[in-house]
Amino acid sequence: MNKKSIEIFVGLFVVLGALSLLFLALKAANLASFTNGGDTYTLQARFDNIGGLKARAPVRSAGVHVGRVTSVTLDPQTYLGVVTMEVNKGVTFPKDSSAKILTSGLLGDQYIGIEPGGDEKNLAAGDVITQTQSAVVLENLIGQFLFNKAADGGEQKPQ
């Protein structure tokens with residue numbers, strides 16, 4: 001091989017490596033959506049506390065990815081967090097389904113988990129999921145545990 005063909009081969013290899021790193025970075029940041037060309041419908045849910053839930057977080061049911069959170073806002077009248085999500089059109093949920101904010105692992109990212117109900121009618125585009133469970137905030141749990149231990153005053157139970 002002559003010098004010019006080796007330089008072209010190395011250049012193509014470097015460009016391919018850069019594109020691979022870009023693809024990996026977009027997938028890791030949840031910014032690349034290479035599926036779902038728009039076959040979705042919108043649902044909303046209201047939560048007392050959304051914790052660290054962010055836009056573009058996954059929506060899952062039974063552990064299967066069925067959609068994505070599009071926005072998280074505050075309702076100025078009720079002071080509840082309003083989560084708007086897009087769910088794949090092929091997936092429908094009964095009207096009495098519930099939405100929970102769950103965490104992947106102990107300190108992982110948060111996502112919406114939808115548990116289907118038993119109603120015969122399904123949620124339609126623009127409907128609001130009324131049964132919700134807010135996020136469990138680890139700092140609140142630790143603070144509550146410490147407060148309870150301090151309130152006990154270190155008393156030990158007789159044996």
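A contact is a pair of residues with heavy atoms within 4.5 Å of each other. The views below show a predicted model, and residues are numbered from 1 along the chain.

**Figure 1. Surroundings of S97 in the loop between β4 and β5.**
By the contact criterion, and not counting residues up to four places away in sequence, S97 touches I114, E115, P116, G117, I129 and Q131. The loop that holds S97 connects β4 (81-88) with β5 (98-103). The relative accessibility of S97 is 1%, so the residue counts as buried; the cut-off for this class is under 20%. A polar atom of the S97 side chain lies 3.3 Å from the backbone nitrogen of G117, and G117 is also one of the residues that S97 touches.

**Figure 2. Overall arrangement of the chain.**
The chain contains 2 helices and 8 strands, which follow one another along the sequence as α-β-β-β-β-β-β-β-β-α. An open sheet is formed by 8 strands in the order β7-β1-β4-β3-β2-β6-β5-β8, with mixed pairing. At its edges are β7 (128-129) and β8 (131-133), each of which pairs on one side only. Of the 159 residues in the chain, 25% are buried. The accessible surface of the chain comes to about 11200 Å², and carbon and sulfur atoms account for 59% of this area. Contacts between residues at least 6 apart in sequence join residues at least 24 apart in 62% of cases.

**Figure 3. Strand β4 and its pairing with β1 and β3.**
Strand β4 is largely enclosed by the rest of the structure, because 7 of its 8 residues are buried. In the sheet order, β4 stands between β1 and β3. Pairing of β1 with β4 is antiparallel and extends over 8 bridges; in this pair, R46 has V82 of β4 as its bridge partner. Pairing of β3 with β4 is likewise antiparallel, over 7 bridges, and here V72 has V83 of β4 as its bridge partner.

**Figure 4. The hairpin of β3 and β4, with Y79 in the turn.**
There are 6 residues between the two strands of this hairpin. Y79 belongs to the loop that joins β3 (64-74) to β4. Although Y79 is not a glycine, its phi is positive, at about 60°. With a relative accessibility of 60%, Y79 counts as exposed, because the exposed class begins over 50%.

**Figure 5. Residue R56 in the loop between β1 and β2.**
The loop shown here runs between β1 (40-47) and β2 (58-61). R56 takes a positive phi of about 75° although it is not a glycine. At 30% relative accessibility, R56 counts as partly exposed, a class that lies between the limits of 20% and 50%.

**Figure 6. Parallel pairing at the edge strand β7.**
Strands β1 and β7 run parallel and are joined by 2 bridges. The bridge partner of A45 in β7 is I129. I129 is also among the residues touched by S97, whose loop appears in Figure 1. On its other side in the sheet order, β1 is next to β4.

**Figure 7. Strand β6 between β2 and β5.**
Strand β6 covers residues 110-115, and 5 of its 6 residues are buried, so the strand is largely enclosed by the rest of the structure. Strands β2 and β6 run parallel, joined by 2 bridges, with R60 opposite G113 in β6. Strands β5 and β6 run antiparallel, joined by 6 bridges, with I101 opposite I112 in β6. The hairpin of β5 and β6 has 6 residues between its strands, and G105 in this hairpin has a positive phi near 75°.

**Figure 8. R60 over the ring of Y111.**
R60 lies over the face of Y111, at 4.5 Å from the ring centre. The bridge position of R60 is opposite G113 in β6. As for pairs formed between aromatic rings, a search of the whole structure finds 0.

Methods: Predicted model: local features only at pLDDT ≥ 70, side-chain atom pairs only at ≥ 80, totals over all residues. Heavy atoms only, no water. Phe/Tyr/Trp six-rings, centres within 6.5 Å; stacked < 30°, edge-to-face > 60°. Lys NZ or Arg CZ within 6 Å of the ring centre and 35° of its normal. Helix = DSSP H or I, 4+ residues; strand = E, 2+ residues; numbered from the N terminus. Buried < 20%, exposed > 50% of the residue type's maximum accessible area, 1.4 Å probe, protein only. Areas by Shrake-Rupley, 256 points an atom, 1.4 Å probe, with all protein chains shown as cover. Polar contact = N/O pair within 3.5 Å; in protein donor to acceptor, adjacent residues only side chain to side chain. Pairing = 2+ DSSP bridges.
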